[in-house]
Amino acid sequence: MSATHDHVHEHPRHREYSGEGLVIAARNALETAGEQWTEMRGAVFDALAGHAKPASAYDIAEVVSKARDKRVAANSVYRILDLFVRTNLARRVESANAYIANPHPGCRHDCIFLICDGCGKAVHIDDDRLTGALIEAARGAGFADVRPVVELRGMCGDCSSGAE
C-alpha cells in the first residue's frame with residue numbers, strides 16, 4: 001500500500017477541485033461545519049483561491065478591497081482565514097505566515113508543504129508514513145488531537161533548472 005495519497009482516485013468527497021467547483025465544494029464544506037457562507041467569506045475565498053502562491057491576509061485584503069471598491073481590514077480577513085483553516089477550506093503555511101486554498105476541502109489529512117525559496121510556490125503532498133510517525137511520537141509524549149504540518153524549503157524544479 002502506498003503511503004502517499006492520490007485524491008483523484010479516492011471517494012468523490014476527497015477529489016481535488018478547481019474553479020467554480022472548488023467554490024461550491026468550499027461552500028458545502030463550510031455549511032456542513034455549521035457555518036454560514038456570507039458574501040464577505042465568499043469574496044475572501046475567491047481571492048485566496050485566485051492566488052497561485054500562498055497569500056497573506058494583507059494580499060487578500062487588497063484584492064477584496066479592489067473588487068468591492070471599499071477598504072477591507074486585514075484583521076477581518078485574518079478572522080475569516082482562521083475560520084477557513086478550522087473548517088478545512090484553507091491551509092496555513094506557517095513559515096510564510098500565508099494561506100492557500102485547500103483543493104479538496106472535504107478531506108481532512110495532515111499537511112506536508114514543499115516551499116520554493118526562488119519563486120514562493122507551495123506544493124502540498126501527503127505521506128502517511130511521515131505524518132503517522134510524527135503523530136505516534138506526539139502521542140508517546142502524551143499529546144492528543146495532533147495534526148502535523150510539515151514544511152520543507154528548497155528550490156522547485158523550474159527554479160533549480162534555471163540555476164544550473
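## Briefing on a predicted protein model

Ser 65 has its place in helix H3. The structure described here is a predicted model. The protein chain has an average pLDDT of 84, and 86% of the residues score at least 70. The points below cover confidence, the surroundings of Ser 65, helix H4, the hairpin that follows, and the cysteines.

**Confidence along the chain**

- Residues 1-14 keep a pLDDT under 50.
- For residues 1-14, the model has 22 contacts beyond four places in sequence.

**Ser 65 in helix H3**

- Ser 65 is buried, and its relative accessible area is 15%.
- When neighbours within four places in sequence are set aside, Ser 65 is in contact with Lys 70, Arg 71 and Val 72.

**Helix H4**

- Helix H4 covers residues 74-86, which makes 13 residues.
- At 1.5 Å a residue, H4 should span 18 Å, and its end C-alpha atoms are 18 Å apart, so the expected and modelled values agree.
- The buried residues in H4 are Ala 74, Val 77, Tyr 78, Ile 80, Leu 81, Leu 83 and Phe 84.
- The cover over the buried residues of H4 includes three helices, namely H1 (19-32), H2 (39-49) and H3 (57-68).
- Strands S1 (90-93) and S2 (98-101) are also among the elements that cover the buried residues of H4.

**Asn 88, between H4 and S1**

- Asn 88 is located in the loop between H4 and S1.
- Just after H4, Asn 88 adopts a positive phi of about 70°.
- Asn 88 is buried, with a relative accessible area of 1%.
- The Asn 88 side chain reaches the backbone oxygen of Pro 105 at a distance of 3.1 Å.

**The S1-S2 hairpin**

- Strands S1 and S2 run antiparallel and are joined by four bridges.
- In one pairing across the strands, Arg 92 has Tyr 99 in S2 as its bridge partner.
- The hairpin formed by S1 and S2 has four residues between the strands.
- Asn 97, in the turn of this hairpin, has a positive phi of about 45°.
- From S2, Ala 98 and Ile 100 point one way, while Tyr 99 and Ala 101 point the other way.
- Ala 98, Tyr 99, Ile 100 and Ala 101 are all buried.

**Cysteines and the absence of disulfides**

- A disulfide is a covalent bond between the sulfur atoms of two cysteines.
- With a cut-off of 2.5 Å between cysteine sulfur atoms, the count of disulfides is zero.
- Cys 119 is in no disulfide, and the nearest cysteine sulfur, which belongs to Cys 116, is 3.8 Å away.
- The sulfur of Cys 159 is too far from its closest cysteine sulfur for a bond, because that sulfur, in Cys 116, is 3.6 Å away.
- Cys 119 is partly exposed, with a relative accessible area of 26%.
- Cys 159 is likewise partly exposed, and its relative accessible area is 21%.

**Cys 156, between S5 and H6**

- Cys 156 lies in the loop that runs between strand S5 (149-154) and helix H6 (157-162).
- Cys 156 is buried, with a relative accessible area of 12%.
- Apart from its neighbours within four places in sequence, Cys 156 is in contact with Cys 116, Cys 119 and Lys 121.
- Cys 156 and Ile 115 are 41 residues apart in sequence, and their C-alpha atoms are 7.7 Å apart in space.

Conventions. Residues are numbered from 1 along each chain as its sequence is written. This is a predicted model: local features need pLDDT of at least 70, side-chain atom pairs count only at pLDDT 80 or more; totals for chains, interfaces and linings use all residues. Side-chain values use heavy atoms; hydrogens and water are left out. Buried means under 20% relative accessible area, exposed over 50%, partly exposed in between (1.4 Å probe, protein chains only). Helices (H or I, at least four residues) and strands (E, at least two) are DSSP runs, numbered from the N terminus. The expected span of a helix is 1.5 Å times one less than its number of residues. Contact means heavy atoms within 4.5 Å. pLDDT is the predictor's confidence in each residue, from 0 to 100. A polar contact is a pair of N or O atoms within 3.5 Å; within protein, one must be able to donate a hydrogen and the other to accept it, and residues adjacent in sequence count only if both atoms are side-chain atoms. Two strands pair if DSSP finds at least two bridges between them.
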